[in-house]
Amino acid sequence: EEKRKSSAEQKKLDDYEKQFDDYKNNVVAKNPKSLLASILKATTDPKVPDPPKKADGSIDSSFQYYYYKEHYFDGVDWSDYRLLRTPIIESKLDYYFNKLVLQLVDSVNKEADFVVRKAEADTEVFKFTVWWITHTYETSKIMGMDAVFVHMVQNFYTKEKAYWMSEADLFKIQDKAKQWAPILVGKKCRNIVLQDTSGVYQSLYDMKSDYVVLFFWDPDCGHCQKATPKVVEFYDKMKSKGVEVMGVCTEVEVDKWKKFVKEKNLQWINVADPNMKDNFRWDFDLSTTPQIFILDKDKYIIGKRLDAEQLEKFIEHDMEEKSKKK
C-alpha cells in the first residue's frame, strides 16, 4: 500500500516537472531573446544521467558530481548583461564556488580563471564576476584563501582589464595584493632581527625548533591583553614538543613593552622595534593586533590569522599529519 502511494506521489511530481519543463521550453522557443527566457535557461539545473558502471561492475560514485559541476553553467548566457539585474549570476557563482569547488587554493584559482573566461562574453558581466570572486576571497574566513585574492588582482586588475577602476583605486588594490603575496600560507617568512629586552639582537632564522609562533602584540591593545595569557598557557604546554614563540611588540614606548613582558611573565623571545627601523608592521599587514603566524622548522608559513585558542589544536593536527607521512 505504501509503495503504491509513494509511486503515485512520485508520478505526480514527475508530471508537474514535465509540465513546467514544457512551459519553459515553450517560453524560450517563442521569445528566445527575452529576459524571461534567459532567466529560465539560467535557472535550469543540468539533468544528470545515471552513473555508468565500471569494468568490474561497480558504480562510479563520483560521476554525478563531476557531471553536474561540468554542466552547471550550461544554461547561463554570459553575454546577457540583463541577468545582472537579477540575483541569478551572483547566486550561481555563490553555489558553484562554495558547494561545488574544492576549497583548496589551486582548485579555486583554476575555477576562477575558468569562470572569468566565460564572463568575458560581456564587459559588464566580466566586471561583476571579477569583482565578486575577488571580494569573496579577500574577505574569506577560510585560512589561506587570501591567495585567491592575490591571484585575481595579479591577473585581472590591470589598466587594460579593470576598465572600471580609477588609477588611484587600481593602485590601492594592487598594493594590497603586493603586500599580501609574501605572507601567504606556503611562503617562506622573511627574517625578523630585532632587539630583546636586554638590547641583544635576536634573529627569527636562528630559532631552531619544529615550529615558531610569531605573536605580534601591543600592550595598549585590549584584545592582546586577553590573548596573551592564552598564548602563555599554550607555550607552557607545547614548548617541550618543539614549539617556540617570538613575541614581537608593535609599540614604540620601551617602558610599556618591558612592563608588559615582566607583568605577564613572558618567557619566550621578546623583541621590539622602538625606533621603527624595521618595516615589519607593513610587511605583515599589522593593521590590527594581535596577529599570529605559525612557521615550520624551515620558517615557511603554515598558519596565519589564528586565535590564541586555536594554536594547540592547529599544531597538534599538523604533527599528526606529518607523522602519517613518515
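Guide: Let's start with one idea: two strands pair if DSSP finds at least two bridges between them. Keep in mind that this is a predicted model. In strand 4, glycine 247 is the bridge partner of phenylalanine 215.

Visitor: What other bridge partner can I look up, say for valine 212 in strand 4?

Guide: Valine 212 has glutamate 244 as its partner in strand 4. Put together, strand 3 (residues 211-217) and strand 4 (residues 243-249) pair over seven bridges, in the parallel sense.

Visitor: Zooming out, in what order do the strands of the sheet run?

Guide: The sheet is open, has seven strands and reads 2-1-5-4-3-6-7, with mixed pairing. Strand 2 (201-203) and strand 7 (301-304) each have a single partner strand, so these two stand at the edges with one side lacking a neighbour in the sheet. From one strand to the next, the twist averages 35°.

Visitor: Is strand 4 largely enclosed or left open?

Guide: For that, use the cut-off: a residue is buried under 20% relative accessible area and exposed over 50%. Six of the seven residues of strand 4 are buried, so the rest of the structure largely encloses this strand.

Visitor: Which strands does helix 12 lie across?

Guide: Helix 12 lies across strand 3, strand 4, strand 6 (291-296) and strand 7, and runs at about 160° to strand 3. Helix 12 (residues 311-325) also meets helix 9 (residues 222-238): their axes come within 10 Å and cross at roughly 30°. On the helix 9 side, look for Val231, Phe234, Lys237 and Met238; on the helix 12 side, look for Leu311, Glu312, Ile315, Glu316 and Met319. That contact comprises six nonpolar residues, three charged ones and no polar ones.

Visitor: Which residues have the most contacts inside the largest nonpolar core?

Guide: They are Trp78, Tyr96, Phe97, Ile133, Met152 and Tyr157, in a core of 41 residues. Helix 4 (88-100), helix 5 (105-119), helix 6 (123-138), helix 7 (146-156) and helix 8 (167-180) each give two or more residues to this core. Helix 7 supplies the largest share, seven residues. Click on isoleucine 133 and, beyond its neighbours within four places in sequence, you'll find contacts with Phe97, Ala112, Val116, Val148 and Met152. Apart from that core lies another, of 29 residues, including Trp217, Val245, Val261 and Ile302.

Visitor: Now a charged residue. Is lysine 24 buried or exposed?

Guide: With a relative accessible area of 10%, lysine 24 counts as buried because that value is under 20%. You'll find lysine 24 in helix 1 (residues 2-30). Leaving out residues up to four places away in sequence, lysine 24 touches Leu40 and Thr44. With threonine 44 there is a side-chain polar contact of 3.1 Å.

Visitor: And where is aspartate 56 found?

Guide: Aspartate 56 sits in the loop between helix 2 (35-42) and helix 3 (63-70). Its relative accessible area is 64%, so aspartate 56 is exposed. The side chain of aspartate 56 makes a polar contact of 2.7 Å with that of serine 58. Set the pair side by side: lysine 24 is buried, whereas aspartate 56 is exposed, and each has a polar contact through its side chain.

Key
Residues numbered from 1 in each chain as written. Predicted model: local features only at pLDDT ≥ 70, side-chain atom pairs only at ≥ 80, totals over all residues. Heavy atoms only, no water. Axes fitted to C-alpha atoms, helices over the stretch in contact; angles between N-to-C directions. Helix = DSSP H or I, 4+ residues; strand = E, 2+ residues; numbered from the N terminus. Contact = heavy atoms within 4.5 Å. Nonpolar A, V, L, I, M, F, W, Y, C, P; charged D, E, K, R; others polar. Buried < 20%, exposed > 50% of the residue type's maximum accessible area, 1.4 Å probe, protein only. Polar contact = N/O pair within 3.5 Å; in protein donor to acceptor, adjacent residues only side chain to side chain. Core = buried A, V, L, I, M, F, W, Y, C linked by side-chain atoms within 4.5 Å.
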